[in-house]
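I sat down with this one to go through contacts and packing, entry by entry. My notes follow the order in which I looked things up.

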Amino acid sequence: MPRRNTIHAAFAEKLDAILSALEMEGNLPPETPRAGVTVEPPRDASHGDLSTNAAMVLAKKARTNPRDLAAKIIEKLDRDADVESAEIAGPGFINLRLAESTWREEVAAIAALGDDYGRSDMGAGTRVNIEYVSANPTGPMHMGHCRGAVVGDALAALLEHAGHEVIREYYVNDAGAQVDTLARSAHLRYREALGEDIGAIPEGLYPGEYLRPVGAALAEELGEKYVSAPEEEWLPVFRSQAVSAMMDLIRQDLALLGIHHDVFASEAELQNAGKPYAAEQWLRARDLVFDGVLEAPKGKTLDDWEPVELPLFRSTKFGDDQDRPIRKSDGKWTYFGADLAYHMQKAEDADALIDIWGADHSGTVKRIKAAVAALSEGEGRAITFDVKLVQMVNLLRDGEPVKMSKRSGNFVTLAEVVEEVGKDVVRFTMLTRKPEAQMEFDFAKVIEQSKDNPVFYVQYANARIHSTLRRAAADGIAPSHENIDLLGTADLALVKQAAQFPRIVEAAAQAREAHRIAFYLYDLAAAFHAYWNAGNDDAAKRVITADRDLTAARLFLVSQVAQVIRNGLAILGVEPVEEM
RNA sequence: GCGCCCGUAGCUCAGUCGGAUAGAGCACCAGAUUCCUAAUCUGGGGGCCACAGGUUCAAAUCCUGUCGGGCGCACCA
């Protein structure tokens, strides 16, 4: 697969070579550390195409002042054919303007790379396991799960584009008390399906209608065998059937969003395979698990609290506030005990782990990070581990909060929302805010067809380009790179925006923030709309002009802009629209 | 009481491993349509980057503290 360095990366290399040359010449001490030296586009475009802070960062080490050092660097940069001008600015920045030919070549590069433009080999050789969604298998997905699902899925795609090998994983919590509750709820629906009047669903069981078909299927398969049998006889059967049915529901819901996991890891299987026990032994051997008694929780009073000796993981050794029990007094594994083993299992097959969690789990981040740190230390192998907390989404309809009550089973399901506004709108909207900030999701606003709505703004840019291509094709004009030299300053300004894409992908992957792609696409769309609009005042600035050669070159240019939009949307999992 | 996240224009939010005069949209004001999609665009006003210290060539960004909002603090999941 073709990979190409960004223009910025290419210049970072050139600068590096220049600094080495300066060391050879004695203008810099040998092997001067270059941490902190950056080559970036300046915020203010009037400062040029690229800017470096090298002179300011290194001046002290060179025993000179930034401006003198900058002059020496500029002297060498000026010899580069790709550099049109290099000048000192402000406290010692070096601002570069690149030759127009460099930007013309970039348009051709986008065309040559096509769907691969923006891909990078940055993460080559790194296997990343990203666990997201992991909703409990007790019902269909609701909007509370949606943001984490989209954020995780987009991050997975982003990391792939940046060259990582990615495992998309879902942890199925099929071993706790709530799947027993699910089984009991299913049993009730099973009796109902066999004609029994079950009345109101008792408190503590799941009241949702979605369990009716599960009960009906169980009735059909099992007959009346378990109607009055003791619970211990039917519970395992109903549990496994109900969980399986719920996971089918969840997979359907995820498919509506275009999400498909590689691995569904079962907590029950993990426990049956003895993984938590093995983890406990491993930790005990390192004195990281001991039998101890926890203090009573502070800040709130618990009537039924009493001290008990439990096997505790020394998470305080790795920054947690208190040690955490891995087993309960009844001998069963705590959620954490199993989760700890689960992370060890994931780490067997990956260099880096990422968990996407809801913000309501923020309290458990430290202990699981402690567990992975212990594993990393014990194995003498660096395991990168990130927990991304996704904040709540407040649903609004015309500005009014949508009421939800989980207890009554009256929640807004993901399927309903996707049906109402569409997959692409849901996905893009979820990525128009950084995940750790709360967001509002207003049904009216997200489908609004105006520039307030980033989804449409970006889609519209792409549709406009395709509309233009169609129209030109009808006149017998096709995009062509033949006359790319005809592209002028205004055309190349658009190229510069499009050429940021590979760099944005790398930076977003490094920061593990997929939302940057969404914001970038908005900026690119804005640049395109502005470019387009210039044609309203001046016919010579239109894409389709009287000059067929120029038209072909501009069609080539805008079709590459469309290519970049398409590539960016692909990371977000949004389908590009060619006609609106 | 403790932990985590957040605090940037009237509103909703960006802000690149610390960089130049802090940006965008909405709203507000003034304009643009013989037009390739006006589902749009151009220009303008609007800021103590919550507050107070600190770190350094340079702080919205890093550190400490205070205030405000959210989430969480069981052997639950």
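**Helix α6 and its charge pair**

I began at helix α6, where R189 and E192 both sit, three residues apart, about one turn of the helix. This is a predicted model, so I keep that in mind for everything below. The R189 and E192 side chains form a salt bridge, 3.0 Å from N to O. Buried or exposed, I asked of R189? R189 counts as buried because its relative accessibility is 3%. E192 has a relative accessible area of 22% and is therefore partly exposed. The cut-off for buried is under 20%, and E192 at 22% is partly exposed.

**Overall frame**

I then stepped back to chain A as a whole. I noted 20 helices and 15 strands in chain A. Along the principal axes, its C-alpha atoms fill a box of roughly 85 × 65 × 40 Å. Of the 580 residues in chain A, buried ones make up 49%.

**Other salt bridges**

How many salt bridges does a search of the whole structure find? I get 35. One of them joins the side chains of R127 and D349, at 2.9 Å from N to O. R127 belongs to strand β5 (residues 127-131), while D349 is in the loop between α11 (335-347) and β11 (352-358), so this pair ties together parts that are 222 residues apart in sequence. I checked how open the two ends are. R127 is partly exposed at 23% relative accessibility, and D349 is also partly exposed, at 43%.

Next I went to D320 and R324, whose closest N and O atoms are 2.8 Å apart in a salt bridge. Both D320 and R324 are buried. I also wrote down one network: D153, E160, R168 and R427 are joined by salt bridges that share partners.

**RNA strand B**

I turned to the RNA next. There are 67 residues around RNA strand B, and V308, K451, R464, R503 and N533 come nearest. Which part of RNA strand B faces the protein? Sugar and phosphate make up 65% of the strand's atoms that come within 4 Å of the protein.

I split the surface near RNA strand B by class and got 25 nonpolar, 23 polar and 19 charged residues. Which elements each supply at least two residues of that surface? My list has α2 (54-58), β4 (93-98), α6 (177-193), α16 (454-474) and α19 (515-537). So α6, where I began, turns up here too. The largest share, 10 residues, comes from α19.

Then I picked out single contacts:

- A base nitrogen of RNA strand B lies 2.8 Å from a polar side-chain atom of S329.
- An N or O atom in the side chain of R433 is 3.0 Å from a phosphate oxygen of RNA strand B.
- For K434 the contact is through the backbone: an N or O atom there lies 2.7 Å from a phosphate oxygen of RNA strand B.

**Aromatic rings**

I counted 13 aromatic pairs in the structure. For F441 and F443, the ring centres are 5.7 Å apart and the planes are at 85°, so I logged the pair as edge-to-face. F441 is buried at 0% relative accessibility, and F443 is buried at 3%.

Back in α19, I looked at F528 and W532. Their rings form a tilted pair, with 6.0 Å centre to centre and 50° between the planes. They are four residues apart in helix α19, which means about one helical turn separates them. Where F528 is buried at 1% relative accessibility, W532 is partly exposed, with a relative accessible area of 26%.

I also noted a cluster in which ring pairs link Y190, Y226, W234 and F238.

**Charges over rings**

Last, I checked for arginines sitting over ring faces. R314 lies over the face of F290, 4.1 Å from the ring centre. R327 has its charged end over the ring of W333, at 5.3 Å from the centre.

Notes: Residues numbered from 1 in each chain as written. Chains lettered and ligands numbered in written order. Predicted model: local features only at pLDDT ≥ 70, side-chain atom pairs only at ≥ 80, totals over all residues. Heavy atoms only, no water. Near = heavy atom within 4 Å. Polar contact = N/O pair within 3.5 Å; in protein donor to acceptor, adjacent residues only side chain to side chain. Nonpolar A, V, L, I, M, F, W, Y, C, P; charged D, E, K, R; others polar. Salt bridge = Lys/Arg side-chain N within 4 Å of Asp/Glu carboxyl O. Buried < 20%, exposed > 50% of the residue type's maximum accessible area, 1.4 Å probe, protein only. Phe/Tyr/Trp six-rings, centres within 6.5 Å; stacked < 30°, edge-to-face > 60°. Lys NZ or Arg CZ within 6 Å of the ring centre and 35° of its normal.
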